[in-house]
Amino acid sequence: MPTKSNPPQEEAAEEPHYHGHRERLRERFYSAGPDALSDYELLEMALFAAIPRRDTKPLAKALLKKFGSFAEVIHAPEVRLREVDGIKDASVNQLKLIAAAASRIAKGEIRKSIALSSWHEVIDYCRSSMAFADKEQFRLLFLDKRNQLIADLLHFVGD
């Protein structure tokens, strides 16, 4: 009966390319900044917390293929996110948390200096407030005499 030969020690000691991938990605994020990462890499990192012991790269790429961009992924409706193989509750929660944080930051930045003195500024404000909403909205913006936003009344069409 022939004996099986053992692989040479060098090959057995060699680690697969994906070992340490998360750490290398984190290091690049912190050393070179978020602009050094592509959308799929940023999405990979966002999914690390939701999927602790699995490669998130294929899922990140599948999400981008379906939705188009990082922003569109995090703002996609939950039902559509669940259409992607590998998306579970933890992943949906993580993506929605990031979307909520991004919206809150954008609104906070806008509120710091909300002077809507041009159509461009009004459109930018509306885009950040209503971006990726899954329901049509009707908004009334109230401005003071210096064009500072006083109130933003929101009504969902059909309610």
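**Salt bridges, cores and a two-sided helix**

Arginine 82 and aspartate 89 are joined by a salt bridge, with their closest N and O atoms 2.6 Å apart. Both partners are partly exposed in this predicted model, since the relative accessibility is 35% for arginine 82 and 47% for aspartate 89. Elsewhere, salt bridges with shared partners tie Lys66, Arg80 and Glu83 into one network. Within that network, glutamate 83 meets lysine 66 at 2.9 Å, N to O. This pair connects distant parts of the chain: glutamate 83 sits in the loop between α6 (78-81) and α7, while lysine 66 belongs to helix α4, 17 residues apart.

A further salt bridge pairs arginine 28 with glutamate 41, whose closest N and O atoms are 2.5 Å apart. Here too distant parts of the chain are linked, with arginine 28 in helix α2 (residues 21-32) and glutamate 41 in helix α3, 13 residues apart. Arginine 28 is partly exposed, with a relative accessible area of 32%, whereas glutamate 41 is buried, at 10%. In total, the count comes to eight salt bridges.

Helix α3 (residues 39-48) also holds glutamate 44, which makes a helpful contrast. Glutamate 44 is buried but has no salt bridge. Why not? Lysine 57, the nearest side chain of opposite charge, is 5.2 Å away, and a salt bridge needs the nitrogen and oxygen within 4 Å. Leaving aside neighbours within four places in sequence, glutamate 44 is nevertheless in contact with His21, Leu25, Asp55, Thr56, Lys57 and Ala60.

Attention now turns to the nonpolar residues. In soluble globular proteins, nonpolar side chains tend to be buried together. The largest nonpolar core here has 19 residues, and Leu43, Leu63, Val73, Leu81, Ile87 and Leu95 have the most contacts inside it. At least two residues of this core come from each of α3, α4 (57-67), α5 (70-74) and α7 (89-112), and α4 gives the most, with five. Beyond its neighbours within four places in sequence, leucine 43 is in contact with Ala60, Leu63, Leu64, Phe70, Val73 and Leu95. Apart from this core lies another, of five residues, among them Ile114, Val122, Tyr125 and Leu149.

Helix α8 (residues 119-130) offers a simple check on geometry. At 1.5 Å a residue, its twelve residues should span 16 Å, and its end C-alpha atoms are indeed 16 Å apart. Val122, Tyr125 and Ser129 of α8 are buried. These three cover an arc of only 65° around the axis, so they lie on the same side of α8. Trp119, His120 and Arg127, on the other side, are exposed. Just after α8, phenylalanine 132 takes a positive phi of about 65°.

How values were computed:
Residues are numbered from 1 along each chain as its sequence is written. This is a predicted model: local features need pLDDT of at least 70, side-chain atom pairs count only at pLDDT 80 or more; totals for chains, interfaces and linings use all residues. Side-chain values use heavy atoms; hydrogens and water are left out. Helices (H or I, at least four residues) and strands (E, at least two) are DSSP runs, numbered from the N terminus. Buried means under 20% relative accessible area, exposed over 50%, partly exposed in between (1.4 Å probe, protein chains only). Lys and Arg count as positive and Asp and Glu as negative; His and the chain ends are not counted. Contact means heavy atoms within 4.5 Å. A nonpolar core is a set of buried Ala, Val, Leu, Ile, Met, Phe, Trp, Tyr and Cys residues joined through side-chain atoms within 4.5 Å. The expected span of a helix is 1.5 Å times one less than its number of residues. The arc is that of the directions from the helix axis to the C-beta atoms.
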